[in-house]
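Colleague: Mind if I pick your brain about this model? I'd like to go over the packing and a few odd spots.

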Amino acid sequence: MGGVALAATGIGAIGLAGFAGTLSVAGISTTALFLASSGLSIAAGLLQKTPNVTGSQTDRLHATIDPRAYRKEVFGSTAMATDVRYEEWHGANQDYCSWIICVASHAIESIDEIWLNDELAWTAAGGPQGKFVGYFSVPHLTLEAQASDGYTFGSGRWNGDRRLTGCAWLHLQFKVTGNSKKAESPFSGGPTNRMTIIGKGARLYDPSRDSTVPGGSGPMRANDQSTWRYVTDDGEVIGENLPLQILRRLLGWCIRNPVTGEMKLALGSGIPAKRIDVMSFMVAARLAEEPVIRSAGGTEPRYQGAGVISEGDDPKTVLDMLCAGCCGRFRDTGGRLSLVIAHNDLAEGAIDDGLNEDDVIGDFTFDPDPSLEATPNIVRGRYVDPSPASLYQLIDYPEIRIPSIDGIDRVFPLDLGVVESPSQAQRIGKQVLQRKQLTRSFKAPFDERAWRWPVGSVVPFTFAPLGFVRQLCRVASQDICDEGSNRGACIMELSLEYQEIYAWDGSDKAPVRAIAAPGYNPALDPLAQAVIQAVTPIEQLLIASSYTVGATISAADASGSATATISDHSRVYQDRTVAVTGSTIAGLTSSTTYFFYYDDVARAGGAVTIIATTDGAEAFPSSTAPARHYVGSVTTPAPGGGPSDGGGSSPPGGGEPIRYPEERLP
């Protein structure tokens with residue numbers, strides 16, 4: 001085991017960037033090639049940086065005439081794109097204005113409603129509504145235009161030569177003149193550009209419904225878009241499943257060239273299925289659809305999402321936004337891209353034998369919690385509100401906060417551009433804020449046993465210099481050491497895990513809690529051990545004969561476990577008196593006698609690390625622990641019992657002095 005270095009490197013979030021543009025070429029897209037070569041080896045951090053919301057999420061709420069607009073992809077039940085690809089005024093007196101609007105550059109499930117400004121104007125079941133009857137209509141719509149489709153209206157300039165092959169589009173017609181001399185059209189000033197077209201978007205591929213995937217069963221195939229579904233054959237809605245949306249974004253969507261018949265990549269990355277760990281997406285999808293409890297009542301799927309993505313959006317921003325909506329992280333699993341949803345799987349690793357300090361074969365780096373200035377106590381941001389009051393605008397969700405230690409609020413902005421549930425937004429925000437309090441990592445060369453735990457797995461780690469006793473950690477990264485005396489070793493980074501991070505896995509009710517940082521015990525560091533061995537016999541006698549003044553020890557029941565509190569006190573040596581800072585130790589066993597001690601080589605006192613043990617001999621100075629300072633003892637109360645008091649050490653103090661005949665006190 002090597003020495004320690006306290007660093008501030010942390011674990012960075014994954015970075016994805018690539019080509020932003022309209023792609024209509026066969027094969028793998030530029031985005032896919034970039035993703036395959038970029039840093040996808042590990043995304044260990046969860047939202048280390050705030051994700052951005054793509055411009056297409058806000059632009060979709062206003063119709064704009066742009067025949068050269070980027071292709072759009074629509075996920076879930078949401079407001080679709082409103083790209084006006086063609087406009088024509090027609091009729092005997094130019095009474096009508098017609099728009100051809102492309103809502104998605106792929107097949108969709110349905111177009112259900114159209115809202116103009118803040119009023120419902122049309123429904124698929126009932127046609128025009130309210131004041132729009134007689135003035136607004138949808139003469140034609142298609143959920144996936146085919147090469148054989150032909151549609152003509154007005155002057156005939158829009159005809160069979162303009163098909164928008166493979167796209168979902170509709171013809172909107174506005175009558176701008178009144179139907180009688182006393183009537184006035186709601187469009188007398190022209191069509192409004194504040195438009196919300198609501199529908200159900202992309203059909204998705206679900207590996208669990210693919211019999212060629214281990215554990216899957218059904219007719220879906222990754223390489224056959226005709227088998228993909230929004231609603232499965234057994235009636236399950238999968239169109240809003242965020243992990244499956246991410247998988248579709250990676251696989252891409254192809255459109256058949258109407259001239260050559262060739263399938264060409266139109267949307268997404270076009271990564272071959274063999275380069276993707278589809279089983280990881282199958283697991284992630286099942287986790288995302290599990291019901292969780294809402295504080296307002298009822299349940300909702302853990303992670304669902306909806307929104308519009310443009311091929312003009314930065315690919316990194318798109319994937320960050322989608323992953324933020326489901327607490328997802330990318331990993332490189334054996335050369336294949338996988339997705340992991342952050343969830344409470346700590347029980348799986350708790351029963352493992354784990355790693356310990358004997359497995360660490362070189363110097364280690366421990367990154368403790370960041371500075372107070374870099375630790376937010378508030379998460380605040382926006383989500384998409386689908387209600388008629390907002391009509392898919394971004395509005396604030398209730399902020400999540402914990403008290404600031406120094407009274408200064410520090411905000412982490414977290415906009416969730418594909419989340420349409422305020423309770424889901426709060427659950428994500430709470431998990432992010434809790435993780436911000438617990439960004440702790442450990443990195444060191446390990447022996448070959450470490451390869452047994454792959455990236456992403458949970459492993460208990462016992463490491464005395466840091467006071468870790470089966471501390472649960474997640475393997476963040478692994479690499480082979482190719483230089484020095486540790487050549488061939490496993491360079492592994494571990495991120496510390498805590499149950500509190502996942503308190504909202506099944507509900508949005510739990511509050512965020514601050515958790516004490518793990519203590520670094522310098523007495524157990526190899527360097528400190530060497531110093532201890534160098535303590536002179538006289539100093540050992542001064543320690544062994546010292547005692548406490550003003551120390552009180554009390555214990556209280558804490559819901560089945562116990563907590564002990566040691567007060568601030570003084571330590572009296574024969575040549576000096578120093579102040580010692582007290583401590584509170586939680587997680588103790590009820591109805592048990594505990595002894596408390598700390599190691600202080602320099603006899604300096606201050607903020608020492610006080611340790612509890614049930615072995616009385618361990619708490620007193622010895623030849624192997626000459627710097628040991630005994631504090632006192634207490635017996636914890638029985639479950640449900642009242643508090644109990646203990647006592648501190650008294651003169652001559654810490655136990656039997658260690659006598660060395662050849663030395664004398666001055």
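What follows is a run of questions and answers on cores, helix contacts and loop residues.

Modeller: Before you start, this is a predicted model, where local features need pLDDT of at least 70, side-chain atom pairs count only at pLDDT 80 or more, and totals for chains, interfaces and linings use all residues. Residues are numbered from 1 along each chain as its sequence is written, and side-chain values use heavy atoms, with hydrogens and water left out.

Colleague: Which helix gives the most to the largest nonpolar core?

Modeller: A nonpolar core here is a set of buried Ala, Val, Leu, Ile, Met, Phe, Trp, Tyr and Cys residues joined through side-chain atoms within 4.5 Å; buried is under 20% relative accessible area, exposed over 50%, partly exposed in between (1.4 Å probe, protein chains only). The largest one has 85 residues, and Ile 246, Leu 250, Phe 442, Phe 446, Phe 461 and Leu 494 touch the most other members. Helices (H or I, at least four residues) and strands (E, at least two) are DSSP runs numbered from the N terminus. With seven residues, the top contributor is helix 4 (residues 278-289).

Colleague: How many residues are in the second, separate core?

Modeller: That core includes Val 74, Val 84, Ile 108 and Val 138. Its count is 28 residues.

Colleague: At what angle do the axes of helix 3 and helix 4 cross?

Modeller: Contact means heavy atoms within 4.5 Å, and here Pro 243, Leu 244, Ile 246, Leu 247 and Leu 250 of helix 3 meet Phe 281, Ala 284, Ala 285 and Ala 288 of helix 4. By class (Ala, Val, Leu, Ile, Met, Phe, Trp, Tyr, Cys and Pro nonpolar; Asp, Glu, Lys and Arg charged; the others, Gly among them, polar), that contact has nine nonpolar, no polar and no charged residues. Axes are lines fitted to C-alpha atoms, for helices over the stretch in contact, with angles from 0 to 180 degrees between N-to-C directions. For helix 3 (residues 242-251) and helix 4, the axes come within 8 Å and cross at roughly 145 degrees.

Colleague: And helix 5: why is it largely enclosed by the rest of the structure?

Modeller: Look at residues 315-324, the span of helix 5. The buried ones include Val 318, Leu 319, Leu 322 and Cys 323, and these four meet Leu 242, Gln 245, Ile 246, Arg 249 and Leu 250 in helix 3. Helix 5 is largely enclosed because its buried residues number nine of the 10.

Colleague: Is Leu 391 buried or exposed?

Modeller: Leu 391 sits in the loop between strand 23 (382-385) and strand 24 (393-396). Its phi is near 50 degrees, a positive value in a residue other than glycine. With a relative accessible area of 3%, Leu 391 is buried.

Colleague: What is the relative accessible area of Gln 94?

Modeller: Gln 94 also has a positive phi, near 55 degrees, and belongs to the loop between strand 5 (83-90) and strand 6 (96-104). Gln 94 is partly exposed, and its value is 42%.

Colleague: How far apart in space are Thr 439 and Leu 496?

Modeller: Thr 439 is in the loop between helix 7 (422-437) and strand 27 (441-446). Leaving aside neighbours within four places in sequence, Thr 439 contacts Asp 367, Pro 368, Asp 369 and Pro 370. Thr 439 and Leu 496 are 57 residues apart in sequence, but C-alpha to C-alpha the distance is 7.6 Å.
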